[in-house]
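Biologist: Please show the model, so that its strands and helices may be discussed one question at a time.

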Amino acid sequence: MNLIEVKNFYKSFGKKIVHQGVDFAVKKGECLGLIGGSGTGKSVLLRSLIGLEHPDQGQVLFEGQDITKLSENQLIDIRKKIAYVFQGGALFDSMTVYENLAYPLRAHTKLPESEIQEKITFQLSEFGLQGTESVYPANLSGGMQKRVGLARSIILHPDIILYDEPTAGLDPFNTKRIQEMILQMKSKGHTSILVTHDMPVAFAVCDRIAMLMNGRIEAIGSVDEIEEKSNHLILQFVQGEIR
Ligand SMILES: Nc1ncnc2c1ncn2[C@@H]1O[C@H](COP(=O)(O)OP(=O)(O)O)[C@@H](O)[C@H]1O
Ligand SMILES: [Mg+2]
């Protein structure tokens, strides 16, 4: 079953045409990789999936419902089910790690504090971040901040997680930890889209990889299909032969 479907998606900014007929679908439980050169519109596409950007033409279907037609109020429900892990993954600097993770739980649920605490303790330990509860973001390394940011994004257990370059600028250790976090969420059945330039990570966690080029999905295939064919368009892109 397709959880997300993007159909004939067009988007321009002024004279700049970014998307001209993007089509793809994401199945329930799948992790779809989305690659493409800088400025090809990967982030705009992700933002469109939660109604933060609006296509000039086309449809964005979530469980069969076209979200481009929804009001801001109706989008609130959609945004509870789809988490967008921003490129920066910004934490609130004036709050501890605990307060940062408690924030979405307090804003969107009526859970008693004891259960909020339980959830936070569990989520932090799942991701190897136990013991950081009372630390302020400024006192964490950049890599740890990203991992806490990811933990906060998924603490409401959204159906779908959109990762926008989650490992950009991270050292190998933290990249590996983020990769494990993504795999862990996938093993629990969460559906995801991973925008990344980090091909080892994409090949390790994605079921299929799609490439955005010339305003469209120019190539899409399973990781096995891509690795099998030495002249696959996606391999050519990955190897820096085309842009
Ligand atoms: N709000 C905006 N106003 C004008 N141009 C924008 C806006 N958002 C994105 N763009 C342009 O759209 C193109 C695609 O942006 P983006 O989705 O951020 O690319 P990517 O994430 O693939 O690097 C870029 O050329 C960018 O400058
Ligand atoms: Mg981007």
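Biologist: Which residues point each way from β7, and are they buried or exposed?

Modeller: In this predicted model, β7 is a strand, that is, a DSSP run of E with at least two residues, numbered from the N terminus. Buried means under 20% relative accessible area, exposed over 50% and partly exposed in between, with a 1.4 Å probe and protein chains only. Ile 161 and Tyr 163 point one way, Ile 160, Leu 162 and Asp 164 the other, and all are buried.

Biologist: On what conventions do these statements rest?

Modeller: Residues are numbered from 1 along each chain as its sequence is written, and chains are lettered from A and ligands numbered from 1 in the order in which they are written. The model is predicted, so local features need pLDDT of at least 70 and side-chain atom pairs pLDDT 80 or more, while totals for chains, interfaces and linings use all residues; side-chain values use heavy atoms, without hydrogens and water.

Biologist: In which sense do β7 and β8 pair?

Modeller: Strands of a sheet pair through backbone hydrogen bonds, either parallel or antiparallel. Two strands count as paired if DSSP finds at least two bridges between them. Between β7 and β8 there are 5 bridges, and Ile 161 has Ser 192 of β8 as its bridge partner. The sense of this pairing is parallel.

Biologist: What is the handedness of the crossover from β7 through α6 to β8?

Modeller: A crossover is right-handed if, with the strands pointing away from the viewer, the path from the first strand over the helix to the second runs clockwise. The β-α-β crossover from β7 through α6 to β8 is right-handed.

Biologist: Which strands are the edge strands of the open sheet?

Modeller: The sheet has 6 strands in the order β6-β7-β8-β3-β9-β10, with mixed pairing. β6 and β7 pair in the parallel sense over 4 bridges, whereas β9 and β10 pair in the antiparallel sense over 6 bridges. The strands that pair on one side only are β6 and β10.

Biologist: How are α5 and α6 directed relative to each other?

Modeller: Helices are DSSP runs of H or I with at least four residues. Axes are lines fitted to C-alpha atoms, for helices over the stretch in contact (heavy atoms within 4.5 Å), and angles run from 0 to 180 degrees between N-to-C directions. The axes of α5 and α6 lie 9 Å apart at an angle of about 10°. Angles under 35 degrees count as roughly parallel, and therefore α5 and α6 are roughly parallel.

Technical notes: Angles under 35 degrees count as roughly parallel, over 145 as roughly antiparallel, 65 to 115 as roughly perpendicular and the rest as oblique.
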